[in-house]
Amino acid sequence: MKVTLPALDTCESSFTPLVVLELAQDVKKETKEWLKNRIVSKKEDGGAQLLFRPLLNKYEKETLENENLYLVGASKITLLLGAEAMGLVKECNDNTMRAFTYGTRHNFKDYDDDNDDFLTMAECQFIIKHELENLRARDEKMIPGYPQAKLYPGKSLLRRLLTSGIVIQVFPLHDNEALKKLEDSWYTRFTLKYQPLDCIRGYFGETIALYFGFLEYFTVALIPMAVIGLPYYLFVWEDYDKYVIFASFNLIWSTVILEVWKRGCANMTYRWGTLVMKRQFEEPRPGFHGVLGINPITGREEPLYPSYKRQLRIYLVSLPFVCLCLYFSLYVMMIYFDMEAWALSLHENSGSEWTSVLLYVPSIIYAIVIEIMNRLYRYAAEFLTSWENHRLESAYQNHLILKVLVFNFLNCFASLFYIAFVLRDMKLLRQSLATLLITSQILNQIMESLLPYWLQKKHHVQVRRKVQALKADIDATLYEQVVLEKEMGTYLGTFDDYLELFLQFGYVSLFSCVYPLAAAFAVLNNFTEVNSDALKMCRVLKRPFAEPSANIGVWQLAFETMSVISVVTNCALIGMSPQVNALFPESKLDLILIVVAVEQMKLMAQNLKEESQESSKKEEA
């Protein structure tokens, strides 16, 4: 954890900066002094017992801007005691995984009094964040200098400072040396190899490492589909109805890959110590508001908000709004089909090459409109979910994910279901699926990685020009790093990344039997996605705080739900195929019963497997 430091005035300042705290430009001096005292004071005095100093000393402030940037670090013993308080799990000398305790620190593998690498930098920054968030008001009734910023005993000071606009942001610093090593082993050299997930976890934490692990696993799992789909596509390209074998493979594949992932995920998180880590008590969200009262569970004074008011907001406002958006999505879909009919009639009348190209234009326009609608709806969903005033971050995320998934599923797949089961036009289904999948992948690559990277490079050039114009006697290495990173975009979590994979999983598992190249395009996209996401994490966005995770959370349920829908869809497609219909020329009822029986057996086998896994977990516990 080496960072180049400028010349320092006091020995108190000689610490490795791990976290940056940015205050608003007009913050009063008494507020700064009060905040500094609370951060550096001892625990028994209500402080965080951390190390704290301005980025610039008094001489540099006369030359440079950004005097409201502060560096936060911690001594080794503070970090170790913080690891114990948070229940971090580490590997012992007997190869077992146990919660770390300072008193038995010598029983843990790789611990040494002279070794500063026992805790990863991500863990150290997470501990500092935890200590800052646990700074709580004691006797203060308000933030000094800001009488409108009220406090009450037990209130998190950092959350109040953020919501009051006094603190602009708090973010962890990159370690340039460790980052360069990670980049060299991760994405700078384009080679077909597994990702260094343990190194990613050590630098960014378990949540991000699990996302990249799932992305890698899903890409590898797509390869058999791509290998089978390529010759299948080439040899039966013009015969759109010969998809029974591929649909049958889809039935098995969509279920098996998720079960195998569960095992691999459990192995990884056990090795990282988060599988057996105790869950921390969840604090109220920063945006949660209500009437001050006593929490009956914690005994602390905090805002209380009646549950019935939240339910009224959900069912009387949010639910009707979501239904209205779904209706609008279906209305746009019908406009798309009108455009398809117009393009087809134009081509049939003229028969020229130009009109044959025009046949793909409606699908491309519709794919772009879908992406725009998804992004606009996302903003509306975030506003509504925040307005519902959920107390916990987990509840907020669950309601947001539900809103977004319902709309995205209908918006992206409604046209495909309509073509498959109402129009029963397999040629149009193949064309629409191909256009939607490829267009969405191209747009996501541009919007998520290429455009932000270009903007960030442009900003880097401007900052470096300013730094080069400084006085020669100032070591501006750390200053330049902090100023560059504070202007970077903030990583908002793995939500959008998992959502992209969820939709891709839907395109591949639902209807790829009529377009077998879907898996091949998904594999190609994911190979570039790994590198673009890695570039985004390392060079485009601020380093996020690490968050311990035991699994991919509610997204596992989302993928399993999509798997169930895939089973039903593929069974229905098999039942509609001419080959299967030829086996039952007299009685369609027998065909329907057999398809339903196969579908139920598949779902029953899936449920039995899940129940057996749950029972084995209980036995182990």
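Two strands count as paired if DSSP finds at least two bridges between them. Keep that rule at hand for the exercises below, which explore a predicted model.

## Exercise 1: The neighbours of β1

**Task.** Work out how strands β3 and β8 run relative to β1, and how many bridges join each of them to it.

**Solution.**

Step 1. Begin with β3, which covers residues 69-73. Four bridges join this strand to β1, and the two run antiparallel. To see one of the contacts, find Val20: its bridge partner in β3 is Leu71.

Step 2. Now turn to β8, residues 167-172. Here five bridges connect the strand with β1, again in the antiparallel sense. Look for Leu23, which stands opposite Val167 of β8.

Step 3. Apply the rule of at least two bridges. With four bridges to β3 and five to β8, β1 pairs with each of these strands.

## Exercise 2: The two sides of β1

**Task.** Sort the residues of β1 by the direction in which they point, and decide whether they are buried or exposed.

**Solution.**

Step 1. Recall that side chains in a regular strand alternate between the two faces of the sheet.

Step 2. Val19, Leu21 and Leu23 point one way from β1, while Val20 and Glu22 point the other way.

Step 3. Buried means under 20% relative accessible area. Five of the five residues of β1 (residues 19-23) are buried, so the strand is largely enclosed by the rest of the structure.

## Exercise 3: Salt bridges

**Task.** Take the salt bridges Lys43 with Glu131, Arg105 with Asp113 and Asp198 with Arg271. For each, find the N to O distance and say how far the partners are covered.

**Solution.**

Step 1. Side chains of opposite charge can pair when their charged atoms come close. The structure holds 22 salt bridges, and these pairs are among them.

Step 2. In the pair of Lys43 and Glu131, the closest N and O atoms are 3.2 Å apart. Lys43 sits in the loop between α1 and β2 and Glu131 in helix α3, so this pair ties together parts 88 residues apart in sequence. Lys43 is partly exposed at 42% relative accessibility, whereas Glu131 is buried at 7%.

Step 3. Arg105 and Asp113 meet at 4.0 Å, N to O. Arg105 is buried, with 17% relative accessibility, and Asp113 is partly exposed, with 44%.

Step 4. Asp198 and Arg271 meet at 3.0 Å, N to O. This pair links helix α6 (residues 197-204) to helix α8 (residues 244-272), and its partners are 73 residues apart. Asp198 is partly exposed at 43%, and Arg271 is partly exposed at 44%.

Step 5. Salt bridges can also share partners: in this way Lys90, Glu123, Arg201 and Glu206 join into one network.

## Exercise 4: A nonpolar patch

**Task.** Find the residues of the nonpolar surface patch and name the helix that gives the largest share.

**Solution.**

Step 1. Mark Tyr308, Leu312, Tyr315, Leu316, Val317, Leu319, Phe383 and Trp387. Together they have about 860 Å² of accessible area.

Step 2. Helices α9 (307-350) and α11 (361-387) each supply at least two of the patch residues. The largest share, six residues, comes from α9.

Step 3. Check one member, Leu319, which lies in helix α9. Its relative accessibility is 42%, so Leu319 counts as partly exposed.

Key. Residues numbered from 1 in each chain as written. Predicted model: local features only at pLDDT ≥ 70, side-chain atom pairs only at ≥ 80, totals over all residues. Heavy atoms only, no water. Patch = residues over 30% accessible without salt bridge, like charges linked within 9 Å, V, L, I, M, F, W, Y side chains within 5 Å. Areas by Shrake-Rupley, 256 points an atom, 1.4 Å probe, with all protein chains shown as cover. Salt bridge = Lys/Arg side-chain N within 4 Å of Asp/Glu carboxyl O. Buried < 20%, exposed > 50% of the residue type's maximum accessible area, 1.4 Å probe, protein only.
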